[in-house]
Structures are given as structure tokens and as C-alpha cells.
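Biologist: Please show me the model, and let us then examine the terms applied to its charged side chains.

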Amino acid sequence: MSRKPEREDDDAGGGRLRLDKWLWAARFFKTRTLASDAIDAGRIHLNDARAKPSREVRVGDRLDIQTAEVRYSVVVRALSGRRGPAEEARTLYQETEDSLQRREREREQRRLAPEPTQMLHGRPTKTQRREIDRMRAKLRGG
């Protein structure tokens, strides 16, 4: 006896699933709302075109996903409307070789980059504070 989904959109039986729901199930975003917001902001591209949250994803589609400072290029391998464990979520997509190399390069650059606050030693002195104020005024055009 096959399990009947509680709601019609719980399973991806028809071979299609909403983009926001797939991103949530694949664990790129913690909530569907965050996924929808990222799509609306243009940080998600489906087959090299901007998409809407209700756009349907199919197996074989290519997604370009921007989260914080990390960019992913993935190919959809499976559909699931259910958010499961991370191991299960990784089976929903395959990251492209290009994307893996780019992420590794960026990770190495972040690791080697100096800590921005390393040069700071406590609060600025009165003289340093006045200099900061002069620089800010100059930037504002004043």
C-alpha cells in the first residue's frame, strides 16, 4: 500500500516542484520565506534566467544560487517537498565541477586574508576619533 501525501504538494509526484520549496528541502535556506526572499532579490537563477518562487523545478534544471558570500551552481537530480536530513538533501542536487573549484578558491582566499580588526587595538583615542570624523566628512563632500 502506497503512502498518500497529507497534502497534494507534499510529494513531487508529477515531476515538478515549486522552486522555493525545493531550495528549502535541499537545505540551501532555513525557511521557505528566506528562499522566496532570495529568489525575489534575484540571487537565484534557474537555467540562466531570473525566476519567481512559484516557478516549477524539474530534474535536470540548472540553478545558480547566491547565499551570503557563497555561490553555488547545481544541477537538480531529484525532487522532494519534504525537508529531511542533510545527507538526504545532498542527494537532491549535484554541484558542478566549476562551482566546487570556485568555492574552494574563495574559501582559501578567506582563510589567507588578514583579519580586518587585527590592526585595531581597543577604542580610538581622541586624536584618532577626530581624524575619523575628518575622513567621514571628506567622503560626504563636506
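Biologist: Which residues gather in a patch of positive charge on the surface?

Modeller: Lys126, Arg130, Arg134 and Lys138 do. This is a predicted model, in which local features need pLDDT of at least 70 and side-chain atom pairs count only at pLDDT 80 or more, while totals for chains, interfaces and linings use all residues. Residues are numbered from 1 along each chain as its sequence is written, and side-chain values use heavy atoms, with hydrogens and water left out.

Biologist: Why is Arg130 called partly exposed?

Modeller: Buried means under 20% relative accessible area, exposed over 50%, and partly exposed in between (1.4 Å probe, protein chains only). Arg130 has 48% relative accessibility, so the residue counts as partly exposed.

Biologist: What makes Asp20 and Arg32 a salt bridge?

Modeller: The term requires a side-chain nitrogen of Lys or Arg within 4 Å of a carboxyl oxygen of Asp or Glu. The closest N and O atoms of Asp20 and Arg32 are 3.6 Å apart, and the pair forms a salt bridge. This pair links distant parts of the chain, helix H1 (residues 19-25) and helix H2 (residues 32-40).

Biologist: Why is Asp20 classed as it is, buried or exposed?

Modeller: Its relative accessibility is 3%, so Asp20 counts as buried. Arg32, at 27%, is partly exposed.

Biologist: How do you know that Glu108 and Arg111 are separated by about one helical turn?

Modeller: Because they are three residues apart in helix H4 (residues 97-112). Their side chains also meet in a salt bridge, at 2.6 Å from N to O.

Definitions and conventions:
Patches are made of residues with over 30% relative accessible area and no salt bridge: like charges are joined within 9 Å, nonpolar side chains (Val, Leu, Ile, Met, Phe, Trp, Tyr) within 5 Å. Accessible areas come from the Shrake-Rupley method with a 1.4 Å probe; for residues, only the protein chains shown count as cover. Lys and Arg count as positive and Asp and Glu as negative; His and the chain ends are not counted. The place of a charge is taken as NZ of Lys, CZ of Arg, CG of Asp or CD of Glu. Helices (H or I, at least four residues) and strands (E, at least two) are DSSP runs, numbered from the N terminus.
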